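Grab a coffee and open the viewer. Here are a few short exercises to work through with the model in front of you.

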Amino acid sequence: MSKKFSTLPFQGTKQQEEELVAVIESLKGDPGALMPIMQKAQDIYGYLPIEVQTIIAEHLNIPLEKVYGVATFYAQFTLSPKGKYRISVCLGTACYVKGAADLVTRLTERLGIGVGEVTPDGKFSLDDCRCIGACGLAPVLTVNDDVYGRLTADDIDSILAKYTD
């Protein structure tokens, strides 16, 4: 699965950049510093847009391609922001055969976004995963830390309503 880039404009702050630069400076001389720096950058910004990757590359004096290569190789890194409410639909075997694809279809219709995207207001993001270990509740989705099981597409509207401010 390829990683998607955000269509939302980058909204990093000067304070976030200063925090990142301080992290880079504190780890700069350590062998293998790139991964911990990128992990901390993702903690600071919530994702690793090209602007953040550029800051890292410039301060470490390494090619941007190296930072990008790490960001796209490891599943822990994301190039797109996540919503306030992160929805993840399990597409593992048990969930899939019990209708998880229908949940994804309904969510994309209701939210107006595809898998790997975030709504323009930043409220919801939609992802899929392979298994969350709740096969007995299939099909399952999570919203942040809340788990919903034994779902049908008709349950989606009531779930989304719980997260509407």
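The exercises below go from the whole chain down to one residue, and the model is a predicted one.

**Exercise 1. Work out which secondary structure elements the protein has and in what order they come.**

Start with the tally: there are seven helices and five strands. Next, walk along the sequence, and you should get α-α-α-α-β-α-α-β-β-β-β-α. Then look at how the chain folds back on itself: of the contacts with a separation of 6 or more, 64% are between residues 24 or more positions apart.

**Exercise 2. Describe the protein's overall dimensions and its surface.**

Take the C-alpha trace to begin with, which spans about 50 × 30 × 25 Å along its principal axes. Now for the surface: the accessible area is about 9,100 Å², and carbon and sulfur atoms hold 52% of that. As for burial, 43% of the 165 residues count as buried. Finish with the charges: you'll find 16 positive and 21 negative side chains, with the centres of the two sets 5 Å apart.

**Exercise 3. Find out where isoleucine 132 sits, and decide why it can belong to a surface patch.**

First, place isoleucine 132: it's in the loop between strand 3 (124-129) and strand 4 (141-143). Second, check its exposure: isoleucine 132 has a relative accessible area of 38%, so it is partly exposed. Third, compare that with the patch cut-off, which asks for over 30% relative accessible area. Last, add the partners: Ile132 joins Leu137 and Val147 in a nonpolar surface patch, and together they have about 220 Å² of accessible area.

Methods:
Residues numbered from 1 in each chain as written. Predicted model: local features only at pLDDT ≥ 70, side-chain atom pairs only at ≥ 80, totals over all residues. Heavy atoms only, no water. Patch = residues over 30% accessible without salt bridge, like charges linked within 9 Å, V, L, I, M, F, W, Y side chains within 5 Å. Areas by Shrake-Rupley, 256 points an atom, 1.4 Å probe, with all protein chains shown as cover. Salt bridge = Lys/Arg side-chain N within 4 Å of Asp/Glu carboxyl O. Helix = DSSP H or I, 4+ residues; strand = E, 2+ residues; numbered from the N terminus. Buried < 20%, exposed > 50% of the residue type's maximum accessible area, 1.4 Å probe, protein only. Contact = heavy atoms within 4.5 Å. Lys, Arg positive; Asp, Glu negative; His and termini not counted. Charge placed at Lys NZ, Arg CZ, Asp CG, Glu CD.
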